[in-house]
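Here is a short tour of some local details, with the cut-offs given as we go. Keep the viewer open while you read.

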Amino acid sequence: MSIEDRLPVSRATRSQHLVLGELQKRGQVLRSELVAGTGLSRSAVADAVQALVERGLVVEHSAQSGSGRGRPAMQVSLAPNTRYVVGIDLGHSHVTVALCGADGIGIQELTEHLDVDASPTGALDTAARLTMDVISRGEITIDDVAGITAGFPGPIRESTHRLVETSVLPRWVGLDLGAELGSRIGRSVQIANDADLGAMGELHYGAARDQRDFIYVKAAHGVGAGIILDRRVYRGDGGMAGEIGHIQIAEREEYCRCGGRGCLETVVSIDILERQIAYIFTPAVPDGSGLPPWHVIRADPAAARLLADAGRVIGQVLASICQVINPGAIVLGGHLGALGGEPFRRGVEEAVFRYAQPSITAGVSVRTAALGGRSELMGAVAMSLQEAGVEAATQ
Amino acid sequence: MEFNVPANRSTMSAVSQNTRSRLHIVDLVRRGWATTRGELGTMTGLSRSVVAQTVGEMVAEGLLVQAERDPIDARESDANRLRARGRPSAVLQVAARPGAVGAVELGHHHVAIAVGDLLSHVLFQEEKPFPVDTGAAPTFELVDAMLTSALRRLAMSREDLRAVTVSLPFPVVGGIVEPYGDVPGWRGVRPGDLLRLPAGTEVVTENDANMGAWGEYTHGPDHRAGTLAYFRIGDGLGSGLVIGGEVFGGAHGMTGEIGHVTVPGCSLPCRCGRIGCVDAVVTAATSESATTTDVHAAGDAVGTVLAQIASFLDPHVIVMGGALGVGSPEFLAAVTAAYHAHGVPNGRVAIRPARLGLSAERRGALDRATQVGWASHILPGIG
């Protein structure tokens, strides 16, 4: 691993952010004023401006100077198109694309359901098509979009823009996701892990706006965590941080697709819960079909007990993690977080309080995600805004 | 006066970028991680011109000295000389500055002190067995006596101490000791108040596992790690994290309390007042009557916990310190087996014993004091 990987952002990216920040404050300025305002060297400013012009975020035009000697000074300003961003959320069985303004408020949003795990090509084509659709429905063009971020349901190695080589999502491993989407859309696309984006979404627009260090848990078909430390996404040295779905649960023997036994995701997932709940409501059809709506399920004492049990299993794992990093909050997202509601949340809370020390749990608040299944999508929007140099507004 | 520098993001945000760069440069140069302007640029992320200007000022102010590269080094080989065109890069060192720094390192059963200079040399160290849990007052009586005799031997006085780090086997929140369970002699203690030091000496209070992590990060081979996770195993279990070059403190300063994770099926009483904590399993394995079975049980419990933490944090490396962590091959074998049985299949995260052995905490505490000692030379208005 090179030292550049370890820095939170590369030097070039940081320079670009400094230049964008200065332009937001001051409007139209000379390059020399950028040197003074950012504290960067002249050549670093030149490189940053050049890169930002190529990304379409900044425009340059020559200023008329009185003396007329030498090269004319260049005025720099923000391009007029930093008003829109696109967020893409790929789940295991859906693709959702949103077009938002710089305030994070949605303008257009489209969803399609398909088997994302089995068909990478189909999912990428769909994501690109929906992106073009939201842009045309929003009555703008691709050139008006300042940034696009796509979230994927797997761990991503930042240096290669590929999924980390794991045994899950085998059809997706090896694809350069940024390049695949970028070539379909005709613009560079930033890629990220879905749970990381869920955490970003809740940080900027949801239940964790007051938090600095917290854990977002995406519990759906699998279980993953997004970690925010110091209000930034923490990914770990190999991009695998937060992969808690394969932590083994004591005394459980279920076989897992990873080759392990009793992994968290073989014990708790939305599919397993639906099968369990089916025994309560439709004993004859134990496959989850024909279940009542979730508000009815949550209100049923027997089903609520199953939801709380699932919460307690996840909560025991989170208790260990709380002992080590002492977060301010745990935010429960994904289908299970949203649909499991209060019974699920209480189960998590009970186990965290039971298995972690009182002095730790006194500072941990266990919450349900506020964006109800849209945390990942809004996180993609927040990430796009950040990449475009517009700090996502905390509303 | 008490302040936390430089491994503390909240106080550091109040310090200017230039001061922060200077502190960072001193740390990199004195540890030998970067000795040329080019290396400093790579490690700090600062532009070439900012590095050149800052280093220039620091040389002029007598904080850094530069030597031309040793002629023998420069002559290494003809091929190298041909490749390295232009002026040879000047090698930077930190300047000898007046003053010394100290570390007070406490375990549940020992008291140790160390004194170092600002060039990161250890000048003196000493350790004595002592029942530290009996209370802060008798412990600091002994600390005081040991410090007095150490300074006398070094022909120094307390006025020479720029900064002292106190490393404790208890959780520390905002400089105040907050032990688990029944340790009345320590609850609410501010160790800075018990050290008889002049008003100008900075005191930093830290948990011992945090200092062990810091010692291994600053003295081991992993200073390029994004995250280093350290586990102090023996006489209980604690953990410390270094993330992005800083000791990670969490939302409320209570990180690293991994010892009080529950081991399924275990019914040993723990010092925290609960039953079945991994801390209790480890403590049983370090007692005088411990059997091989106890050691295996501890290795199994610790390996399982390490696998969970590796899955969650994906650190660059996991380092094991403490008496069991560095001293027992049976324990290491049991940990490794459990870690691989419970870990994520790609098992990428390496485990290694502490390079500094049992002195990781002490060396980490001394480095921390050295950082703060330098801050007193660099921060405007202090020292």
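## Two glutamates with positive phi

E251(A) is exposed, at 68% relative accessibility; exposed means over 50% relative accessible area, buried under 20%, and partly exposed in between, with a 1.4 Å probe and protein chains only. You'll find E251(A) in the loop between β13 (232–234) and α8 (264–267) of chain A, where helices (H or I, at least four residues) and strands (E, at least two) are DSSP runs numbered from the N terminus. Phi of E251(A) is positive, near 65°, although the residue isn't a glycine. Most residues other than glycine have a negative phi.

E139(A) tells a similar kind of story: its phi is near 60°, again positive in a residue other than glycine. E139(A) sits in the loop between α5 (120–137) and β7 (145–152) of chain A, and with 74% relative accessibility it counts as exposed.

## How to read the numbers

This is a predicted model, in which local features need pLDDT of at least 70 and side-chain atom pairs count only at pLDDT 80 or more, while totals for chains, interfaces and linings use all residues. Residues are numbered from 1 along each chain as its sequence is written, chains are lettered from A and ligands numbered from 1 in the order in which they are written, and side-chain values use heavy atoms, leaving out hydrogens and water.

## Nonpolar cores

The largest nonpolar core has 81 residues, and L318(A) and I325(A) have the most contacts inside it. A core here is a set of buried Ala, Val, Leu, Ile, Met, Phe, Trp, Tyr and Cys residues joined through side-chain atoms within 4.5 Å. Setting aside residues up to four places away in sequence, L318(A) touches I215(A), V217(A), I244(A), I330(A), V348(A) and V352(A); contact means heavy atoms within 4.5 Å. Apart from that core there's another, of 44 residues, including V26(B), L63(B), A163(B) and V319(B).

## A helix crossing in chain B

Now to α9 (residues 208–219) and α14 (residues 360–378) of chain B: their axes come within 6 Å and cross at roughly 80°. Axes are lines fitted to C-alpha atoms, for helices over the stretch in contact, with angles from 0 to 180 degrees between N-to-C directions. That makes α9(B) and α14(B) roughly perpendicular (65 to 115 degrees; under 35 is roughly parallel, over 145 roughly antiparallel, the rest oblique). Among the residues making the contact are W214(B) and T218(B) of α9(B), and D367(B) and Q371(B) of α14(B).

R31(B) has a hand in both helices' surroundings: leaving aside neighbours within four places in sequence, R31(B) is in contact with W214(B), T218(B), D367(B) and Q371(B). R31(B) belongs to the loop between α2 and α3 (37–44) of chain B and is buried, at 18% relative accessibility.

## Around α2 and α3 of chain B

L23(B) is part of α2 (residues 17–30) of chain B and is buried, with a relative accessible area of 4%. In α3(B), the buried residues are L40(B), G41(B), M43(B) and T44(B). After α3(B) comes G45(B), with a positive phi near 80°.

## Cysteines

How many disulfides does the structure hold over all chains? Zero, a disulfide being a pair of cysteine sulfur atoms within 2.5 Å. C272(B) is in no disulfide, and its nearest cysteine sulfur, that of C277(B), is 3.7 Å away. C272(B) is buried at 13% relative accessibility, and C100(A) is buried too, with a relative accessible area of 1%.
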